[in-house]
Amino acid sequence: MINFTKIGLIISCIVFLSSVNGFSQQVDMQDVRNPDFAKMDRDQNSLVSSVEMQAHYNDKFNQMDKDSNDVLDAQELSIDKTKTFHPADKDVDGQVTRVESSSQFKEYFQQMDKDSNGHVSEAEYTDYWKIIDRF
Ligand SMILES: [Ca+2]
Ligand SMILES: [Ca+2]
Ligand SMILES: [Ca+2]
């Protein structure tokens, strides 16, 4: 009888702990919900496809390209505080063309998609920027 009570106690402890754990994980997930990722994920399936990422940065490109000449010049690039577009300038002429931009974001996507399943999860996305931020 004593053993059964003990087992019962242990089980209810485990159930309690795992429910608390589950709850806090849910809260954490919402807290760290990356606003950029959420915006990118247009069909809201919690995964970002290469197409979704291209579309997102294409929109950003359009917003930054004030004179709509398909080239981000130094002044237009200065709006990009996170410097996401800067590495796209492969020929280092201080300007980023739309072609340079889209090939850069293809590269970003491949780097982010750690398990190469063709989709970037939120974890893959945040991990990527965490690593970048360290440098
Ligand atoms: Ca998606
Ligand atoms: Ca321009
Ligand atoms: Ca992936």
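**Close-up 1. Exposed residues of helix H3 in the predicted model.** Val 51, Asp 59, Asn 62 and Gln 63 are exposed on the side of H3 opposite its buried residues. The model is predicted. H3 comprises 15 residues, from 50 to 64. From its first C-alpha to its last, the helix reaches 21 Å, close to the 21 Å expected at 1.5 Å a residue.

**Close-up 2. The buried face of H3.** Met 53, Tyr 57 and Phe 61 are the buried residues of this helix. Seen down the axis of H3, these buried residues fall within an arc of 75°, and therefore line one face of the helix.

**Close-up 3. Packing partners of the buried residues of H3.** The elements against which the buried residues of H3 pack include two helices, H2 (35-40) and H5 (98-112). Strands E1 (47-49), E2 (71-72) and E4 (119-121) also pack against these buried residues.

**Close-up 4. Gln 44 in the loop between H2 and E1.** The phi angle of Gln 44 is near 50°, a positive value in a residue other than glycine. Gln 44 has 7 other C-beta atoms within 10 Å and is therefore exposed, the cut-off being 12 or fewer.

**Close-up 5. Lys 83 in the loop between helix H4 (74-77) and strand E3 (96-97).** Lys 83, a residue other than glycine, has a positive phi, near 55°. Lys 83 counts as exposed because it has 10 C-beta neighbours inside 10 Å.

Technical notes. Residues are numbered from 1 along each chain as its sequence is written. Chains are lettered from A and ligands numbered from 1 in the order in which they are written. This is a predicted model: local features need pLDDT of at least 70, side-chain atom pairs count only at pLDDT 80 or more; totals for chains, interfaces and linings use all residues. Helices (H or I, at least four residues) and strands (E, at least two) are DSSP runs, numbered from the N terminus. The expected span of a helix is 1.5 Å times one less than its number of residues. A residue is buried if 20 or more other C-beta atoms lie within 10 Å of its own, exposed if 12 or fewer, and partly exposed in between; C-beta atoms are placed from the backbone. The arc is that of the directions from the helix axis to the C-beta atoms. Two residues are in contact if their C-beta atoms, placed from the backbone, lie within 7 Å.
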